[in-house]
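User: I'd like to learn how to read a few features of a structure, one at a time. Could you walk me through them, starting with the charged side chains?

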Amino acid sequence: MTSTTSKTTKLTEFTSWAAKHIKGDEKGEAQIFLDRLFQAFGWPGLKEAGADCELRVKNDTGGTSFADLVWKPVVVIEMKKRGADLTKHYSQAFTYWTRLVPNRPRYAVLCNFDEFWVYDFETQLDTPVDTVKLSELDIKFGCLNFMFPGDVTPIFGNHQETVTRQAADKLAACFNSMIARGVEQPLAQRFTQQMLMALFAEDIDLLEKYAVTRLLEECKTPQDAYDLLGGLFEAMNTKGGVKGGRFKGVAYFNGGLFAEPARIELVENERTLLKEAAQFDWSNVRPEIFGTIFEHSLGKEARHATGAHFTNPVDIMKVVGPTIVAPWSELIESATTLGRLKELLARIESFTVLDPACGSGNFLYVAFRELKRLEARIYERMSAEYKSVDPKQRPFGFLSARNFYGMDINPFAVDIAKVTMMLAHKLSIDELHINEEALPLDNLDANFRAGDALINADGSRAPWFKTDVIVGNPPFLDARKMTMELGRDYVQLVAAAYPEIPRRADLCTYWFRRAHDQLSPCTLHDRVAGRAGLVGTQNIRNNASREGGLDYIAGSGTLIDAVVNQPWSGEANVNVSIANWVKSQDPNLVPSKKQLWFKIESTSESKRKPRGSGSALKHYELDVREASHINSSLSDGIDVSVAAVLSSNRSPKKCFEGLQTGHDGFRLTPAEVQSLVPASDLNVVVFPYLAGTALLTSDHQAPSEYVIDFQDMDLLSASKHSSVFALVKERVLPTWQQNAIAEREDTGKDAGEHQNRLQTWWRLKRRRGELLTAISALPRFVVCSRVTKRPLFAFVSSSFRPDSSLTCFAFDDDYSFGILQSAVHTDWFVAKCSKLTERLRYTPDSVFDTFPWPQAPTPKSVREVAKAAVELRRIRADAMQSRPGGLRSLYKTMDLPGKNPLKDAHAALNAAVLAAYGFSAKKDLLHQLLDLNQHVAAAISAAKPVNGPGIPASYKNATDLVTADCLGG
């Protein structure tokens, strides 16, 4: 490790050299300055460190820019001439950072030869985490520690996320304490909001410095807090200000937030928490994340704000950027007259934004901040290009917080959102140095609405604010969980109010459809309106959710920018998709080049690591490609969403979901079977059982689990199997009884799901009789894990009962197995399935029912597919005999470089299947499959014969294609 003295000496030499030799010419001196900078940090030079100068980077207009220095995965440095205002070049640094994948640099630095502005876009979007002057670099180099050889963690003086979390923790703890001791929640909420504004106000020059801090120090008793803090809030609500006394000089804030000044007698620990909160510099507290952190700490004593997730502003910009910033920037930069710039000022003053699921307002805050920057850019151009405009005067109106609207079902979140937006105006004034009055704060009571965004109490559609654009992050809830979490009655009301949306669509789909209907079309006269950007579950691009949302949007709109999938930074632990669109299909209103962002995995294991990581980091990054179109599946490829359901795939039914027990009490371990189950009951009411995890992780030669299945027996018949019946009575019946009682108490009705279940409590919840009938005639059948990252198929003995975590196929032949395990079927599966985080869910109706099988395979090609399938399974079985971990572990070797017999076996199978289809390996596989799907659908409509799933009817001696190997056999 280099000593501090050595570091200081080299940096001092550098600053002296720069003062003597550098004039600050961006083009002529940038590279020599940067090379000497690397030398000052202990490298022989920038090239020796692995950095590149003038690296080509795609820009937002579709062209190419040149980044001054890129050092992956550490830093991108952008140089500007001496004296340049670095504030104006932030967006350029952010664009470079966004595009530099894979192994995107962790940090970005702007430098004008006099000072360095250091950004960490992963934690703090729009404000430097630190700045340092060149002249002070030798003593304040901590923020650039990542420049040194070795893993040296940087030290930042303006890391606002940490301050925000700590401040939110204190205020939330105070609120929780008030609630715990019986303070009425509306009063506690009002006090907390007013206190929040006061704490901000004293550090952003809306109140006298330390005004709140001094009051809190004077609060020695509960009565003091009631009088002093309540008196401050009263003063902040007095028009014209109080005329005398200790609150003389306190400005009038507004009659919204402070309409009812909150007075509470605070106990000692609450006063202490507020005193500690006041010690933070609230000018460094970030409103766009404070609200979420604070909101998720309320009422949860054990869960402090430091553990809460918030939506990263980088992620918010994936909506705000394409939907708001990009169209406005294009208009501003293309304006050629003063009159046109004045028109744009007038339009931005009236421009409105809605977030119909606003939470604590983080999307609206970022939208406000970006629009104020755009407004400032208009003024900048006017004053720089037209001498008649005084840069110090703002003769026109200005964008205010009253241009923004929000809705949310959580009333407290809505109130926090109002505070966030009130603060946004003052913070923008400070950032942009603009001449606008910060007080009184905007009264936003009419701009925000607490309540259900979908339906009113009577079941009618809830009204939305009418605005120019809509942005936001609607709630994530899988269609299957809606009834469980929202209640059957609510789900039925929503379905009745929105009959055009399929019942199996995810909850967020309703926001997508409603947003599109709410917007007025984008027009040539008003190009910035008629736009929306929303975050959704990955399912918005699949199946019922896609049909109810993006299919409808694409019918009269154009998707212009989308994120296919990425992990979400917010509270929900999900992968999401993001869609930005214009309500128009006029080519004059939509960009010819759309942007499609997709996730790439990146392992930083080069000679350089991101600073502070301590070890190699595996994380995701988003790369982007330009597209001429984006379809409703959020793809620029062939749109398989239009594939037809093929009746030949549904009758006779071949694809099934496995059993749902409904209760773990039906499941038994091998030891329990041996000790508790009579031999006479095995394979009569107790059967070997297989679940998806076991399929992928064990060898299955012996059952690892069993299931009790009384089939359709009545109570008396089931009770004849006394030992097994007693197990179910002991383990299952009490739960069903408790659920039925709770349901009756909740609904007041004598009929319901749990009460009905009680009538057949000894039976499985969903036995899948049709599946069991189909496989009972076969010695084996095919299964794959229903939710998986990689679809792996296997034969299972028909003596097994398959769990619902398996998708089951009633085939016992090697040809059908080969088709299913081939890349042809896998690619179709990936394109048509639904998604859960990074995993894929096999959905029979969208995958199997639309998948076209080979229509004219020769007998030889059928045999070749079967032969390749048998060989693939042989190689798998041989390999698993000598290695633990099952199929999942085995297939991880496919991701490694080098020759692999398993890879060769799959390649041989894929070649055989392509030959059976008559497909070309040089043509797009999905395109060929979609064409075949349409051909088969047309033949079915014309009552012509087609080859459905399985061995072609024309193939002789089909039994030759049935071998014996299977799991459990």
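User: How many salt bridges does the count come to here?

Analyst: The idea is to look for a side-chain nitrogen of Lys or Arg within 4 Å of a carboxyl oxygen of Asp or Glu. In this predicted model, the count by that rule comes to 56 salt bridges. Let's take a few of them in turn.

User: Gladly. Which residue meets Glu-136 in a salt bridge?

Analyst: That is Lys-140, with 3.4 Å from N to O. For the surroundings, look at relative accessible area: Glu-136 has 27%, so this residue is partly exposed. Lys-140, at 45%, also counts as partly exposed.

User: And where does Arg-461 find its partner?

Analyst: The side chain of Arg-461 meets that of Glu-500, with 2.4 Å from N to O. A good habit is to ask where each partner sits along the chain. This pair links distant parts, 39 residues apart: Arg-461 is in the loop between strand E9 (448-450) and strand E10 (469-472), while Glu-500 is in the loop between helix H16 (488-497) and helix H17 (508-518). Both ends are partly exposed, Glu-500 at 29% and Arg-461 at 33%.

User: What about Asp-849: which residue forms a salt bridge with it?

Analyst: Arg-650 does, and the closest N and O atoms are 2.8 Å apart. Here the two ends are 199 residues apart, with Arg-650 in helix H20 (residues 647-650) and Asp-849 in the loop between strand E26 (839-841) and helix H30 (859-881). Arg-650 is partly exposed, at 44%, whereas Asp-849 is buried, at 9%. Salt bridges can also share partners, and in that way Arg-286, Glu-288, Arg-369, Glu-370, Arg-373 and Glu-431 are joined into one network.

User: Now the cysteines. How many disulfides does a search of the whole structure find?

Analyst: Zero. The test is distance: two cysteine sulfur atoms must be within 2.5 Å.

User: Why is there no bond for Cys-655?

Analyst: Check the closest cysteine sulfur. For Cys-655 that sulfur belongs to Cys-784 and is 7.8 Å away, which is too far for a bond. Cys-833 also has Cys-784 as the closest, at 10 Å, again too far. Both cysteines are buried, with Cys-655 at 2% relative accessibility and Cys-833 at 0%.

User: Let's turn to strands. In E10, which residues point one way and which the other way?

Analyst: Read a strand by the side to which each residue points. In E10, Val-469 and Val-471 point one way, Ile-470 and Gly-472 the other way, and all of these are buried.

User: Which strands pair with E10, and do they run parallel or antiparallel?

Analyst: Follow the bridges to each partner strand. Strand E7 (residues 353-355) runs parallel to E10, and two bridges join them. Within that pairing, Leu-354 has Ile-470 of E10 as its bridge partner. E10 also pairs with strand E11 (residues 531-537), in the parallel sense over four bridges. There, Val-469 stands opposite Arg-531 in E11.

User: How would I read a single residue such as His-663? Is it buried or exposed?

Analyst: Begin with place and accessibility, then go on to polar partners and contacts. His-663 is in the loop between strand E16 (655-657) and strand E17 (667-668). At 16% relative accessibility, His-663 counts as buried. Its side chain reaches the backbone nitrogen of Gly-665 at 2.8 Å and the backbone oxygen of Arg-731 at 3.4 Å. Leaving aside neighbours within four places in sequence, His-663 is in contact with Arg-731, Val-732, Thr-735 and Trp-736.

User: Let me try the same steps on Glu-753. Where does this residue lie, and which residues does Glu-753 touch?

Analyst: Glu-753 lies in helix H26 (residues 753-757). With a relative accessible area of 36%, Glu-753 is partly exposed. Not counting residues up to four places away in sequence, Glu-753 touches Arg-488, Glu-743 and Lys-765. For Glu-743 there is also a backbone distance to read: the C-alpha atoms of Glu-753 and Glu-743 are separated by 8.3 Å, and the two residues are ten apart along the chain.

Key
Residues are numbered from 1 along each chain as its sequence is written. This is a predicted model: local features need pLDDT of at least 70, side-chain atom pairs count only at pLDDT 80 or more; totals for chains, interfaces and linings use all residues. Side-chain values use heavy atoms; hydrogens and water are left out. Buried means under 20% relative accessible area, exposed over 50%, partly exposed in between (1.4 Å probe, protein chains only). Two strands pair if DSSP finds at least two bridges between them. A polar contact is a pair of N or O atoms within 3.5 Å; within protein, one must be able to donate a hydrogen and the other to accept it, and residues adjacent in sequence count only if both atoms are side-chain atoms. Contact means heavy atoms within 4.5 Å.
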